[in-house]
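I opened a fresh page for this one and kept my notes in the order I looked things up. Feel free to follow along with the model on your own screen.

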Amino acid sequence: MNETQNAPVDAPAPEADAPATAETPVDADPTDELEKWRRLSRENEKRWKQASRELEGIRQAQMTDQEKAIESAKAEARKAALAELGTSLVEAEIRAQASAAGVSVPTDYLDLARFVAEDGRADRERVTALIDSLPKPPVQPEFPQLMGTGHHRSGGNDISSMDPTELADFIAGGSFI
């Protein structure tokens, strides 16, 4: 029998390897938890953007002059294309969000260039702020008012009974229809 099979394995204590996590109390408000995750998400996004900029800087430093000229031409072409289409993208975003909110937006009088983000696409936060600032349409009644239900006064016809001769007189006189 091999001695290594029965020898205990020296493993570090689980408490030593486990990262320290902040325990949330059971009574924690869900909005506090939501805000915590939003804050962490924003921090991670900032770190990612910073790392992306650093990586792009390293790539730029290692490029030859010909590669730099090609990248510059690509960037100018992309910027020109997005400049042409940016306002169309913004207008589509405004119309989509306005439709979802149930409001109408006259985009003819808006400076759509104000809603274009740095990357040439529509800035959703600015568009959402615009849509939220618009007056909301009045809330329609939950059920439409149906004619014929309940008590309604007659339209001026003096029909006192459903006597066939009286109805025939109204029809013949033209006052019924």
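My entries below go from the whole chain to one buried residue and its neighbours, and then on to the pockets.

**Entry 1: the whole chain.** I began by noting that this is a predicted model. I then asked how many helices and strands the protein chain has. I found 6 helices and 0 strands, and reading from the N terminus on, I wrote down the order as α-α-α-α-α-α.

**Entry 2: burial and surface.** Next I looked up what share of the 177 residues in the protein chain is buried. The value I got is 12%. For the surface, I noted that the chain exposes about 15500 Å², with carbon and sulfur atoms supplying 55% of that area. I also checked the contacts between residues at least 6 apart in sequence, and 51% of these join residues at least 24 apart.

**Entry 3: Gln 97.** I wanted a single residue to follow, and I picked Gln 97, which I found in helix α4, residues 65-101. Is Gln 97 buried or exposed? Its relative accessible area is 18%, and the cut-off for buried is under 20%, so I logged Gln 97 as buried.

I then asked which residues Gln 97 touches, leaving out those up to four places away in sequence. My list reads Arg 124, Val 127, Thr 128 and Ile 131. With one of these, Thr 128, the side chain of Gln 97 makes a polar contact of 3.0 Å. I also took a C-alpha distance here: Gln 97 and Leu 130 are 33 residues apart along the chain, and their C-alpha atoms are separated by 9.7 Å.

**Entry 4: Glu 93.** The side chain of Gln 97 has a polar contact with that of Glu 93 too, at 2.8 Å, which took me to Glu 93 next. I found Glu 93 in helix α4. Glu 93 has a relative accessible area of 13%, and it therefore goes down as buried, under the 20% limit. Not counting residues up to four places away in sequence, Glu 93 touches Ala 122, Arg 124 and Val 127. I was pleased to meet Arg 124 and Val 127 again, as they are also among the contacts of Gln 97.

**Entry 5: Arg 114.** For contrast I turned to Arg 114, and asked whether it is buried or exposed. Arg 114 counts as exposed because its relative accessibility is 57%, and the cut-off is over 50%. I noted one distance from Arg 114: its C-alpha atom is 9.7 Å from that of Val 127, which lies 13 residues away along the chain.

**Entry 6: the pockets.** Last, I went looking for open space. The largest pocket came out with a volume of about 280 Å³. Of the 13 residues lining this pocket, I noted the closest to its centre as Lys 79, Leu 82, Glu 118, Asp 119 and Gly 120. By class, I wrote the lining down as 6 nonpolar, 3 polar and 4 charged residues.

The second largest pocket has a volume of about 210 Å³. Which residues line the second largest pocket? I listed Trp 48, Lys 49, Ser 52 and Glu 118, which divide into 1 nonpolar, 1 polar and 2 charged. I underlined Glu 118 in my notes, since I had already written it down for the largest pocket.

Conventions:
Residues are numbered from 1 along each chain as its sequence is written. This is a predicted model: local features need pLDDT of at least 70, side-chain atom pairs count only at pLDDT 80 or more; totals for chains, interfaces and linings use all residues. Side-chain values use heavy atoms; hydrogens and water are left out. On a 1 Å grid over the protein atoms alone, a cavity is a set of points where a 1.4 Å probe fits but cannot get out, and a pocket is an open set with protein on both sides within 12 Å along at least five of seven lines; lining residues have an atom within 4 Å of a point. Grid points are joined across faces, edges and corners, and a volume is the space filled by probe spheres set on the points. Ala, Val, Leu, Ile, Met, Phe, Trp, Tyr, Cys and Pro count as nonpolar, Asp, Glu, Lys and Arg as charged, and the others, Gly among them, as polar. Helices (H or I, at least four residues) and strands (E, at least two) are DSSP runs, numbered from the N terminus. Buried means under 20% relative accessible area, exposed over 50%, partly exposed in between (1.4 Å probe, protein chains only). Contact means heavy atoms within 4.5 Å. Accessible areas come from the Shrake-Rupley method with a 1.4 Å probe; for residues, only the protein chains shown count as cover. A polar contact is a pair of N or O atoms within 3.5 Å; within protein, one must be able to donate a hydrogen and the other to accept it, and residues adjacent in sequence count only if both atoms are side-chain atoms.
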